[in-house]
Amino acid sequence: MHHTARLPDLLRAWRATAGKKLQRGKPLPQKEVAERMEVSERWYRNLESDAGVPLTPHALTRLSDALALGPDERMALYGNVHAGAATPSPEDDPEPRCALTELLATQEQFPAYLVDESWDVLGHTGTMAVWFPWVLEPGANLLRWVLTSSEAREQLADWPGHASVYLAQLRFALVTGRGEGPLAALLDEVLADRECRSLWGQDLNVIAYRQGHRFRLRLPHVSAEEITVTSQVLLPAYRQEIRYVLLLPRPTPTSGQAL
């Protein structure tokens, strides 16, 4: 099964979003996108019909501006056109992963973990294992846990919102050619779930990272109250398929302190 978005699909979705951003009440017409890019309407129609139109870096910039793309959409566009071009082989240099594993050992105060391009868990802090014991299981995979487990639906407040974000990240990874084989198989597994299948079909959003995302957790084995955390995502310079993620709890306000 293939559920990944092609560039023409993304362009049509982004034209619709651009129309909303510009308060047009309808998708931005192909003709207007072409005018904003300073190209012919035929050139843009060919691009959206997947006719093999070459896209130079300059054309990508003009296309991004014409469609009023945000940073995640721009990354997805560039990554789709140059899928996998800048992704180093995992065998290239193990040193960044080793250094990040050592860094995990210094962060026992917080839940933190390492994942690869397929969201397989490569390492974690002891606190992460206390909060989320599933990371100790063989083959632990963050995406699979979030999207297919009943436990995640209980522990993540507003689970549909979380699921939508992770599905948008999965779409970004597939569009840009990261971990394509394992992730395509994982997507088939995820879409066997009715709720995930419904969320996947609602839009073509793409999200690169959950940097700075604030969310609430229900972990009665850790706290009687909901815990609010903010995710911080770090990437090693030469191994950007690895993500080092910290979950930083929001400090509990003291008496008289504003929430």
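Helices here are DSSP runs of H or I with at least four residues, strands are E runs of at least two, and both are numbered from the N terminus. With that in hand, let's start at the end of one helix: just after α2, Glu38 takes a positive phi of about 65°. Keep in mind that this is a predicted model.

**The chain as a whole**

The chain has 259 residues, and 44% of them count as buried. Its secondary structure adds up to twelve helices and five strands. If you look at contacts between residues at least 6 apart in sequence, 53% of them link residues at least 24 apart.

**Around α2**

Helix α2 spans residues 30-37, and Glu32, Val33, Ala34 and Met37 are buried in it. An α-helix has 3.6 residues a turn, so residues three or four places apart point the same way. What sits over the buried residues of α2? The cover includes α1 (7-21), α3 (41-48) and α4 (57-66).

**How the strands pair**

The strand pairings are easiest to take in as a table.

| Pair | Sense | Bridges |
|---|---|---|
| β1 and β2 (residues 121-124) | antiparallel | three bridges |
| β1 and β5 | antiparallel | four bridges |
| β3 (residues 214-217) and β4 | antiparallel | four bridges |
| β4 and β5 (residues 243-249) | antiparallel | six bridges |

Now for β1 itself. Its side chains go two ways, with Ala112 and Leu114 pointing to one side and Tyr113 and Val115 to the other, yet all are buried. On the β2 side, Tyr113 has His124 as its bridge partner, and Val115 is matched with Val121. Toward β5, Leu114 is bridged to Tyr244. β1 and β2 make a hairpin with five residues between them, and in that turn Trp119 has a positive phi of about 70°.

Strand β4 covers residues 227-234, and six of its eight residues are buried, which leaves the strand mostly covered. Phe215 stands opposite Val229 of β4, while Ser231 stands opposite Leu247 of β5.

**A loop residue beside the sheet strands**

Phe110 is in the loop between α6 (95-105) and β1. Which residues does Phe110 touch, once those up to four places away in sequence are set aside? They are Thr125, Thr127, Leu246, Leu247, Leu248 and Pro249. Thr127 is 17 residues away from Phe110 along the chain, but their C-alpha atoms are separated by 6.0 Å. Leu247 shows up twice in this account: as a contact of Phe110 and as the residue opposite Ser231.

**Two nonpolar cores**

The largest nonpolar core has 41 residues, and Phe132, Leu147 and Leu217 are the ones that touch the most other members. The biggest contribution to this core comes from α10, which gives seven residues. There is also a second, separate core of 27 residues, with Ala5, Leu10, Ala34 and Ala76 among them. Ala34 has already come up as one of the buried residues of α2.

It's worth zooming in on Leu147. Beyond its neighbours within four places in sequence, Leu147 contacts Arg153, Trp159, Ala163, Tyr166, Leu167, Val190, Asp193 and Cys196.

**Empty space inside**

How many cavities of 30 Å³ or more turn up in a search of the whole structure? The search finds three. The largest cavity has a volume of about 240 Å³. It is lined by 22 residues, and Tyr113, Leu142, Tyr166, Arg210 and Val245 are the closest to its centre. By type, the lining splits into 17 nonpolar residues, three polar and two charged. Where does the lining come from? At least two residues each are supplied by β1 (112-115), α8 (142-148), α10 (159-175), β3, β4 and β5.

Several threads meet at this cavity. Tyr113, one of the residues closest to the cavity centre, is also the β1 residue bridged to His124. Tyr166 is another of those closest to the centre, and Tyr166 is in contact with Leu147 too. Finally, α10 supplies lining residues as well as seven members of the largest core.

Note on methods. Residues are numbered from 1 along each chain as its sequence is written. This is a predicted model: local features need pLDDT of at least 70, side-chain atom pairs count only at pLDDT 80 or more; totals for chains, interfaces and linings use all residues. Side-chain values use heavy atoms; hydrogens and water are left out. Buried means under 20% relative accessible area, exposed over 50%, partly exposed in between (1.4 Å probe, protein chains only). Two strands pair if DSSP finds at least two bridges between them. On a 1 Å grid over the protein atoms alone, a cavity is a set of points where a 1.4 Å probe fits but cannot get out, and a pocket is an open set with protein on both sides within 12 Å along at least five of seven lines; lining residues have an atom within 4 Å of a point. Grid points are joined across faces, edges and corners, and a volume is the space filled by probe spheres set on the points. Ala, Val, Leu, Ile, Met, Phe, Trp, Tyr, Cys and Pro count as nonpolar, Asp, Glu, Lys and Arg as charged, and the others, Gly among them, as polar. Contact means heavy atoms within 4.5 Å. A nonpolar core is a set of buried Ala, Val, Leu, Ile, Met, Phe, Trp, Tyr and Cys residues joined through side-chain atoms within 4.5 Å.
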